[in-house]
2 protein chains.
Amino acid sequence: MTAPKRNTWQREAVRDALSKRDDFVSAQSLHASLRDGGSPIGLATVYRALASLAVEGEADSLQSPEGEALYRACTMSGHHHHLICRNCGLTVEISADPVEEWAQQVASANGFTEPQHVVDVFGLCASCSR
Amino acid sequence: MTAPKRNTWQREAVRDALSKRDDFVSAQSLHASLRDGGSPIGLATVYRALASLAVEGEADSLQSPEGEALYRACTMSGHHHHLICRNCGLTVEISADPVEEWAQQVASANGFTEPQHVVDVFGLCASCSR
DNA sequence: GGTGGTTTTGACAATCATTATCAATAAGCA
DNA sequence: TGCTTATTGATAATGATTGTCAAAACCACC
């Protein structure tokens, strides 16, 4: 029933490259990194692999303020959010239980069902604050 | 010092068209509406007017999940967030004091300064839930 | 009301990220 | 090994957004 999936070195390369980064990256820049590292991987493949990883839950994605799609290999399993340095990109994974509850409450209080939410905090990390 | 700004019927038309909508709209669709209404306004002008209104605080903007920039004329002054129906676009403005505090705490707990945050809740409104 | 200096507009080209196309390639399996 | 089919990748296509720049409009000021 479920779509069969094959293991290719390309998908593995994207997974690896992503896990070596500790910040959010765009498909474009990840592709550039891979190419710089000598890999002949195609751009479209990087896009497909990232989208796939995101769907499978192996990567998190968010929209940069400029509208670019950014991806990150996350270590925290399950639902969580991010605290991102807007200068250097340093990213910290955070859980936000109070926010989860709040979102639920606000949604149902207004008659909304099936709430999802986008919650990300941007700031300047300790190093970049100086 | 501050840049002088002139009043043109175009800027006014965009302001009006935006305030007549109670949901988030893209520059493209707002331009289409204006054109349909008989206005000969140019697309680039709509983009510029919306960006300008957003900067001046007369409009709020957010990125759709697809990466499009969406705008809305908000009635609630000051900082607030949105509860948006992902089906029909119905939007409710909400304040989120608990979230503001939480964001502050999380940021400083991790050494981050000048926290900003993106908080939006998507769901299905009462009508669309049926 | 007319005038001039500047801002703003708008048609169009240019960018840039992302997606579709589709023939060639490579997984996984009998 | 050979076959079936998912995947790849070069390239074209799409679509939103921004840059360009001459023409038009705005706004004091006369």
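## A walk through two chains and two DNA strands

Start by selecting strand 4 (residues 81–85) and strand 5 of chain A: four bridges join them, and they run antiparallel. Zoom in on L83(A), which stands opposite V92(A) in strand 5 of chain A. Keep in mind as you go that this is a predicted model.

**The shared sheet**

Now widen the selection to both chains. The two strands you just looked at belong to an open sheet of six strands, in the order 5(A)-4(A)-6(A)-6(B)-4(B)-5(B), with mixed pairing. Colour strand 5 (91–94) of chain A and strand 5 of chain B: these stand at the edges with a single partner strand each, so one side of each has no neighbour in the sheet. Look along the strands and you'll see the twist: on average, neighbours in this sheet are turned by 20° against each other, direction ignored.

Where do the two chains join within this sheet? Select strand 6 (residues 113–124) of chain A and strand 6 of chain B, which run antiparallel and are joined by nine bridges. One pair to pick out is F122(A), whose bridge partner in strand 6 of chain B is Q116(B).

Next, turn on helix 4 of both chains. Helix 4 (residues 97–109) of chain A packs on the sheet and touches strand 6 of chain A along with strand 4, strand 5 and strand 6 of chain B. Its direction makes about 135° with that of strand 6 of chain A. Helix 4 of chain B, for its part, lies across strand 4, strand 5 and strand 6 of chain A together with strand 6 of chain B, and runs at about 135° to strand 6 of chain B.

**The interface and its symmetry**

Select the contact residues between the chains: 32 residues of chain B are in contact with 32 residues of chain A. On the chain B side, the elements giving two or more residues are strand 4 (81–85), strand 5 (91–94), helix 4 (97–109), strand 6 (113–124) and helix 5 (126–129). Which of them gives the most? That's strand 6 of chain B, with 12 residues. Colour this side by class and you get 21 nonpolar, nine polar and two charged residues.

Now superpose chain B on chain A: a rotation of 180° with 0.0 Å of shift along its axis does it, at an RMSD of 0.2 Å. The two copies are therefore related as by a two-fold rotation axis. The same surface serves both copies, with 100% of the contact residues of chain B recurring in chain A.

**A helix pair in chain A**

Hide chain B for a moment and show helix 1 (residues 9–20) and helix 2 (residues 27–36) of chain A. They pack at an angle of about 105°, with their axes 10 Å apart, so helix 1 of chain A and helix 2 of chain A are roughly perpendicular to each other. Show side chains for A13(A), A17(A) and L18(A) from helix 1 of chain A and for L30(A), S33(A) and L34(A) from helix 2 of chain A, which make the contact. By class, that contact has five nonpolar residues, one polar and no charged ones.

**The three-stranded sheet of chain B**

Switch to chain B. Three strands form an open sheet here in the order 1-3-2, and the pairing is antiparallel. Strand 1 and strand 2 of chain B are the edge strands, each pairing on one side only. Helix 3 of chain B packs on this sheet, touching strand 2 and strand 3 of chain B, and makes about 110° with the direction of strand 2 of chain B.

Take the pairings one by one. Strand 1 (residues 25–26) and strand 3 (residues 69–73) of chain B pair over two bridges, while strand 2 (residues 59–63) and strand 3 of chain B pair over five. Click on Y71(B) in strand 3 of chain B: it is the bridge partner of V25(B) and also of S61(B). Further along, Q63(B) has A69(B) as its bridge partner. The hairpin of strand 2 and strand 3 of chain B has five residues between the strands, and G67(B) there takes a positive phi near 95°.

**The DNA strands**

Finally, show the DNA. Around DNA strand C there are 25 residues, the closest being N7(A), A69(A), Q10(B), G42(B) and T45(B). Helix 3 of chain B supplies the largest share of that surface, four residues.

Then select DNA strand D. Of the 25 residues around it, Q10(A), G42(A), T45(A), N7(B) and A69(B) come nearest. Helix 3 of chain A gives the most to this surface, with four residues. Colour the surface near DNA strand D by class to end the tour: 11 nonpolar, eight polar and six charged residues.

Note on methods: Residues numbered from 1 in each chain as written. Chains lettered and ligands numbered in written order. Predicted model: local features only at pLDDT ≥ 70, side-chain atom pairs only at ≥ 80, totals over all residues. Axes fitted to C-alpha atoms, helices over the stretch in contact; angles between N-to-C directions. Parallel < 35°, antiparallel > 145°, perpendicular 65-115°, else oblique. Contact = placed C-beta atoms within 7 Å. Nonpolar A, V, L, I, M, F, W, Y, C, P; charged D, E, K, R; others polar. Least-squares fit on C-alpha atoms with pLDDT ≥ 70 in both. Pairing = 2+ DSSP bridges. Near = placed C-beta within 6 Å.
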